[in-house]
Amino acid sequence: MILTSAYRRRWRPSRYWLAGVLSLAIFVFLVIGSVASVAIGPVPLRATLFGLPTVGCIVAATVFFLRGLRDQPTVRGRDLTRAGVLLLVGAFLWLSVLDAFTFTQAAGPGVAAACAAACLPTTALGLLVLRRLDRNEKEPWRLVLVATAWGAIVSTSLAFWGETLWDTVFTANLLPGPAAITSTAYSAGILEEVAKGVAVLLLYLVMRDEFDDVVDGIVYGAAVGFGFNFMESIGWMTHLYATYSSEGTGVASAIGMWYWRQVIGLFFGHAAYTALIGAGIGVARQLPRARQRLLVIACGFLAAIAAHFAWDAWEALALTGVRDPLTLALLAHARYLFMVGPFVAVLLVMLAMGLQLEGVALRRALREEAESGSGAVQPAEVDVLMSPQRRFHARMSAFASSGLPGYLQVSRLQTAQLHLAMERWHRERQEMADPLAAENVLREQVLALRGAAA
Amino acid sequence: MQAREDFRPLYWTMLGLGLVAVLILALGVVTLLRFAPLGEHTGYRAQVTGVYLYDTRSGQVRGAPSSHFRRDQPFAAQVQWGHLPEGMVVAASWYDSLDTQVGGIGPAPAGQLADHNALVPVVTPSDLHANLPGTYTLKIVRYSGGQPVEVINSKAVVVVHDP
């Protein structure tokens, strides 16, 4: 809604150039990584052959998708169709890599499909909980799912090649035990978090209108993390299945890994790490000085890397040499509690603070809009818009009277009203590049939606 | 940090997180230096003749060296210990694809290992019927002051899945 209300300009702010440079850097890294992996040898050649075009397809699909959101309705369909086709091709190529060559080499596509089916409900649950927490102004599903897909396909690909190179250059030459474990922990922390964080950073640079504050940052960050966790879980489950199936314990091993990755580690893992990056970027969104913004973004990345590193390094501190299964199980649970738990606690505090700030600001903006007499927001609607339950109740009332079209129209109206309030808040804080007329266009669209809903 | 909302608590929380992160990562560097100390590179390299099928009864290797083995085939590495200084304390261990140690010898002086023509066999864990499939890595390390300080060679072989 806000996107179409903004002026169409021939020039773009510098953040688009920054996003372009970042995307180019990712692509160059992938090319270098692929060539190096072929030269060194540890990455299967076929994975490289299929993986690089996959990444190219996903990047192109993202570009078309984002362009489609900004296009005129006449050409929007064409760009979105292109994005959809490229996404499908990319997903197919990547699944070819994943199923047949890289992770599931021995387990086979059937086992990979079963593992994916097992991870899908838990990942979906994580995303639903995330959306539920984002109670004031929910992020659009399309962007949340783009973030998840990027985490699953592009970030895993980036991290996979990077970690293979790191292992070859550093870890393989280190002494077995704590030194090698620490090196692996650095590798996972740095490479995986940077690979995931880039996705959040690109969203911040390109989709500024849908990236409002610390709450949005946490939501997008966690979504990227859920995607990454989904794909990594499948990789580990199939690997363990393939390793232990000859011993007759393949299924049990895969289920055990599912428990650690998709139950215990669903919120205490990748989702939490990348949410820390998102929190840093989200706080930066509303800071006035560039130096402050860079500092908190750096702190977000550092916190994510450190949290991930701490979780991996716990193995060196506590798990090495323990043989008793009960002690191992207790220590493995404690690993999540003590290594990731404190970071999750801080994240929840930041989320609560962000929701509080956002709620107060939105209520004030809605009230001011209602008092302005524009008609976009009625005084009686302010309390409804500020309560997820009452918003839902209003939509269900529309559903009862007008069916699904009525439900959808009220839903669009509520979303547009909240966007308008968010726009007012950002303008009040001088955080907008768009001119005031953009707000008026948005207001007119709210009025049009109200007319349609009536 | 203007208008009516106070963003300072969020800002300072992020800076606090960043500070804690730097401390954690610095602890990691200390751990690395503790267990992989700098300045221990000697330039010595243990030569691995090859990895062979291993007869567990006679304790001898047989056949030609190979890089692939079936799960039910015990195997062992032959190392030319005599090429290392006699007094150098060394050890060699096998690690499976899950980084679990599965057999090894030492630490002992290289001269002693050379006298016994010591082999480095993989030991199948007692709770398994055969070796797990995947990549097995042999690491040969030099000891100093009772702790491993330098990797002086490594070699990888593959245990293939059952057909």
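Which residue stands opposite B:Gln47 in S4(B)? I looked this up before anything else. B:Gln80 is the residue that stands opposite B:Gln47. I note here that the model is predicted.

**Entry: the sheet around S4(B)**

I followed strand S4 of chain B outward from that pair. S4(B) covers residues 75-80, and strand S1 of chain B covers residues 47-55. The two strands pair in the antiparallel sense over 6 bridges. I checked another position along this pairing. There, B:Gly50 has B:Gln78 in S4(B) as its bridge partner.

Next I turned to the pairing of S4(B) with S7(B). It is antiparallel too, and it runs over 3 bridges. One position I looked up is B:Ala76, which stands opposite B:Pro121 in S7(B).

Then I wrote down the whole sheet. It is open and has 4 strands, in the order S2-S1-S4-S7 of chain B. The pairing is antiparallel. Which strands are at the edges? They are strand S2 (60-62) and strand S7 (119-121) of chain B, each of which pairs on one side only. I also noted the twist, which averages 50° from one strand to the next.

**Entry: chain B as a whole**

I counted elements next. Chain B has 2 helices and 9 strands. Along the sequence the pattern reads α-β-β-β-β-β-β-α-β-β-β.

Is chain B spread out or compact? I compared its radius of gyration with the globule rule. The radius is 23 Å, and the rule gives 15 Å for 163 residues. The value for chain B is well over the rule, so the chain is more spread out than a compact globule. I also took down the box that the C-alpha atoms fill. Along the principal axes it is roughly 80 × 45 × 25 Å.

Burial came next. Buried residues account for 33% of the 163 residues in chain B. I then looked at contacts between residues at least 6 apart in sequence. Of these contacts in chain B, 56% join residues at least 24 apart.

**Entry: backbone points in chain B**

I went through the backbone for unusual angles. As a reminder to myself, most residues other than glycine have a negative phi, and most peptide bonds are trans.

I found a cis peptide bond from B:Gly106 to B:Pro107, with omega near 5°. B:Pro107 lies in strand S6 of chain B, residues 101-109.

B:Asp99 has a positive phi, near 65°. I placed B:Asp99 in the loop between strand S5 (89-95) and S6 of chain B. B:Asp99 counts as partly exposed because it has 13 C-beta neighbours inside 10 Å.

B:Asn117 also has a positive phi, near 45°. This residue is in the loop between helix H2 (110-115) and S7 of chain B. Why does B:Asn117 count as exposed? It has 12 C-beta neighbours inside 10 Å, and a residue is exposed at 12 or fewer.

**Entry: where chain A meets chain B**

I moved to the contact between the chains. Chain A gives 46 residues and chain B gives 39 residues. On the chain A side, I listed the elements that give two or more residues. They are helices H7 (178-206), H8 (214-244), H10 (270-285), H11 (290-319) and H12 (325-372) of chain A. Which of them gives the most? H11(A) does, with 13 residues. I sorted this side of chain A by class. It has 32 nonpolar, 11 polar and 3 charged residues.

**Entry: domains of chain A and A:Ala370**

The domain assignment splits chain A into domain 1 (13-360) and domain 2 (373-453). I checked where they touch. In chain A, 6 residues of domain 1 are in contact with 7 residues of domain 2. The domain 1 side of this contact has 1 nonpolar, 2 polar and 3 charged residues.

I closed with A:Ala370, which sits in helix H12 of chain A. Is A:Ala370 buried or exposed? A:Ala370 counts as buried, because it has 20 C-beta neighbours inside 10 Å. Leaving out residues up to four places away in sequence, A:Ala370 touches A:Val377, A:Gln378, A:Pro379 and A:Val382. I also looked up its separation from A:Val55. A:Ala370 and A:Val55 are 315 residues apart in sequence and 47 Å apart in space, C-alpha to C-alpha.

Conventions
Residues numbered from 1 in each chain as written. Chains lettered and ligands numbered in written order. Predicted model: local features only at pLDDT ≥ 70, side-chain atom pairs only at ≥ 80, totals over all residues. Pairing = 2+ DSSP bridges. Axes fitted to C-alpha atoms, helices over the stretch in contact; angles between N-to-C directions. Rg over C-alpha atoms; globule rule 2.2 N^0.38 Å. Contact = placed C-beta atoms within 7 Å. Domains from an automatic or database assignment. Nonpolar A, V, L, I, M, F, W, Y, C, P; charged D, E, K, R; others polar.
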